[in-house]
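Subject: Structure handover and what was found in it

Dear colleague,

I am passing on the structure we talked about, with the sequence alongside. Please open it before reading further, since the notes below are meant to be followed with the structure on the screen.

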Amino acid sequence: MMKQKEESLKQTIQTKEQIRERLAALRHHMAEHGVDVYLIGSGDFHASEYVGEHFKCREYISGFDGSAGTLLVTATEAGLWTDGRYFIQAAQQLKDTGIKLWRMGEPQVPALLDYLAGHMQPGQCLGYDGRTVSVAYETQIKRKLADLSINYQTQMDLVGELWQDRPALSAEPIWLLADNYSGRSRQAKLQDVRRAMEQNSVDMYLLTSLDDIAWLYNFRGNDIAYNPVALAYTLLTKSQAVLYIASEAVDQETADALLQDGIELRPYMQIYEDLEHLVTEERIWIDPRYVNVALASRIPQGAQIFCKPNPTEFAKAIKNDVEMENERQAHIQDGVAVTKLICWLKKQQETEAFRRGEITELVVADKMEEYRRQRPDYVEQSFAPIIATGAHGAIVHYEPTEETDIPVGMDTFVLMDTGGQYLQGTTDITRTVVMGNVSRQQKEHYTAVLCGNLRLGDAYFKSGYSGCHLDYLAREPLWRLGLDFNHGTGHGVGYLLNVHEGPQGIRRKEMGDRIGTELQEGMITSNEPGVYLEGQYGIRLENLVLCRRDQKTSMGQFMRFETLTMVPFDRDAILPECMEERDLHLLNAYHQEVYEKISPYLTGEEAKWLVWATAPLTKA
């Protein structure tokens with residue numbers, strides 16, 4: 001074990017040296033091209049949250065591998081802006097690299113664009129790869145720097161020019177999703193989009209967001225780890241649908257099926273050439289949040305650009321009846337896998353392997369995958385598993401690696417945030433489990449997080465309200481203890497698509513202090529309050545909830561949540577005396593449902609454990 005730690009330390013030091021060398025090389029490159037400040041974001045050509053290996057330029061230069069963060073490099077300084085999910089991780093990964101961490105949202109921390117406006121001098125040059133910056137973000141940049149007469153270099157991939165062994169663009173095969181899983185055919189979806197085009201008086205629609213394209217054409221891919229999408233663009237008119245995708249990604253049978261539905265295939269990068277040849281009088285619809293600057297610049301100046309959110313975004317978020325029922329079944333199968341894992345993990349405490357430190361974070365992650373693979377219609381994980389013991393649990397998005405992997409500890413928590421992709425849908429679940437015994441304070445914290453989860457899951461609200469109106473329900477039990485968590489309470493979830501999906505969410509506020517997207521029937525959203533004490537432990541409890549209509553009265557339509565996730569909470573961490581009677585009722589009712597739905601799939605020994613795990617709790 002000591003040798004492994006020494007080797008890990010050497011690798012870390014070598015990586016820090018590499019980062020400093022790469023920063024120096026980038027600065028030299030910037031000087032050669034007359035660039036004073038270079039901006040490196042996290043996105044790909046499609047403004048994706050998670051990206052393929054080819055697009056990880058920010059990680060290559062900085063060493064920070066979180067999903068969100070923007071790096072600014074000048075001749076003398078470098079800074080990385082990221083959100084609360086990654087404060088601890090980024091601080092560790094950026095240490096000794098010469099890159100300063102800017103903790104977004106914290107007091108005295110300037111927003112990135114405010115920093116730019118305060119540090120750039122009139123006439124200086126700002127550079128970025130226009131293929132990885134959206135039209136919307138560039139508009140914000142230029143508005144903020146309008147008074148400085150800044151020059152812009154947007155056709156330079158300076159990192160790509162330095163990255164000698166850069167992975168190629170992915171072109172993995174796509175496969176078609178049958179209508180009994182999608183619930184709606186490609187033809188029907190295309191009709192809906194063309195109807196929206198007609199209503200907005202547009203001649204053409206450019207769609208670039210990868211999950212929207214996969215949803216629209218009922219295919220799935222493998223170009224981004226855990227996100228079953230393919231690198232593609234699509235251009236629609238009233239009579240034509242063109243899908244731009246690598247030829248090697250589509251076999252003949254798939255191509256024939258798409259063609260039969262009126263979908264023409266063209267090479268992935270031909271979209272640039274085709275846009276240049278548009279009729280200048282045409283009116284083209286784009287979503288500026290996802291269309292990149294380089295692509296938009298190819299649209300002829302005479303064409304009229306109509307900017308509005310993709311009509312596919314809402315349609316994709318609102319699951320149809322088939323998708324909703326499929327998701328229920330997916331969550332039962334996933335619940336079986338996770339329940340088996342927790343039962344197995346609890347019993348490991350009594351084994352010699354556990355005492356010898358052989359049950360590590362990665363071992364637990366592998367065991368989770370083993371149980372999921374035993375379930376019918378399982379495809380793959382929906383994100384990299386977060387298995388975090390002890391202090392690792394306080395790193396919100398910690399992912400164990402060979403370098404960071406440690407044995408599961410005793411008398412502490414193990415936080416397990418994992419998910420699966422099934423033909424019946426996408427799952428995302430977090431359970432925090434006690435190993436051995438924990439302190440009363442730890443149990444108080446766990447119970448407060450649990451009460452927040454239960455109360456949000458039981459929300460009853462009027463139609464027209466957003467997640468911002470409900471966020472308080474999950475946080476209030478923690479606030480009473482002087483605690484909080486620095487991430488959103490819930491995100492939308494796709495159907496066999498991205499585990500993070502818009503437009504809805506549950507959080508304190510939206511950008512620009514908007515109240516957010518109205519929660520509508522069919523939307524699936526996570527419910528995941530938590531608490532994190534750096535250097536000690538983390539607790540997060542996450543269920544997915546389905547928004548449903550309830551009663552309609554003279555006062556309007558009322559809504560509720562249906563909890564999809566079916567896995568017990570850990571009674572070893574719960575203090576019933578710290579719960580209100582309503583909380584206990586909700587917990588016991590939930591556990592009864594878990595037992596009824598999950599126990600038929602368990603072995604006799606596992607079912608016996610589940611009887612104990614879901615037994616009613618009372619204050620007595």
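To begin with a charged residue at the surface, Asp-192 has a relative accessible area of 31%, and because this value falls between the limits for buried and exposed, Asp-192 is classed as partly exposed. Please keep in mind throughout that this is a predicted model. The side chain of Asp-192 meets that of Arg-184 in a salt bridge, with 2.8 Å from N to O, and Arg-184 is itself partly exposed, at a relative accessible area of 35%.

Salt bridges

The pair just described belongs to a set of 47 salt bridges that the structure holds. Another one joins Arg-85 to Asp-83, where the closest N and O atoms are 2.8 Å apart. The two partners of this bridge fall into separate classes of accessibility: Arg-85 counts as buried because its relative accessibility is 16%, whereas Asp-83, at 22%, counts as partly exposed.

A further salt bridge is found between the side chains of Glu-325 and Arg-328, at 3.0 Å from N to O. Both residues lie in helix H14, which covers residues 321–348, and because they are three residues apart in that helix, about one helical turn separates them. Glu-325 is partly exposed with a relative accessible area of 37%, and Arg-328 is also placed in the partly exposed class, at 22% relative accessibility. This pair does not stand alone, for salt bridges with shared partners link Glu-325, Arg-328, Glu-521, Arg-548, Arg-549 and Glu-562 into one network.

Cysteines

How many disulfides does the count come to? The count comes to zero. As a reminder, a disulfide is a covalent bond between the sulfur atoms of two cysteines. Cys-451 is in no disulfide, and the nearest cysteine sulfur, which belongs to Cys-578, is 8.3 Å away; since a disulfide requires sulfur atoms within 2.5 Å, that pair does not qualify. Cys-451 is buried, with a relative accessible area of 2%, while Cys-307 counts as partly exposed at 44% relative accessibility.

An open sheet

Six strands form an open sheet with mixed pairing, and their order is S4-S3-S2-S1-S5-S6. Strand S4 (100–103) and strand S6 (151–153) stand at the edges, and because each has a single partner strand, one side of each is left without a neighbour in the sheet. From one strand to the next, the twist averages 20°.

Within this sheet, strand S1 (residues 37–40) and strand S2 (residues 70–73) run antiparallel and are joined by three bridges. One residue to look for here is Ile-40, whose bridge partner in S2 is Leu-71. Helix H3, made up of residues 87–94, lies across strand S3 (78–82) and S4, and the helix runs at about 170° to S4.

Backbone details

Two residues that are not glycines have a positive phi, and you may wish to view each in its loop. Ser-201 has a phi of about 55° and is found in the loop between helix H8 (186–199) and strand S8 (204–207); with a relative accessibility of 52%, Ser-201 counts as exposed. Asp-377 has a phi of about 65° and is found in the loop between helix H16 (361–373) and strand S15 (378–381); at 32% relative accessibility, Asp-377 counts as partly exposed.

The peptide bond from Gly-502 to Pro-503 is cis, with omega near 5°, and Pro-503 lies in strand S23, which spans residues 501–506.

One more loop residue

Val-279 is found in the loop between helix H11 (270–276) and strand S13 (283–286), and at 45% relative accessibility it counts as partly exposed. Along the chain Val-279 and Asp-129 are 150 residues apart, and their C-alpha atoms are separated by 27 Å.

With best regards

Definitions and conventions: Residues numbered from 1 in each chain as written. Predicted model: local features only at pLDDT ≥ 70, side-chain atom pairs only at ≥ 80, totals over all residues. Heavy atoms only, no water. Helix = DSSP H or I, 4+ residues; strand = E, 2+ residues; numbered from the N terminus. Buried < 20%, exposed > 50% of the residue type's maximum accessible area, 1.4 Å probe, protein only. Salt bridge = Lys/Arg side-chain N within 4 Å of Asp/Glu carboxyl O. Pairing = 2+ DSSP bridges. Axes fitted to C-alpha atoms, helices over the stretch in contact; angles between N-to-C directions. Contact = heavy atoms within 4.5 Å.
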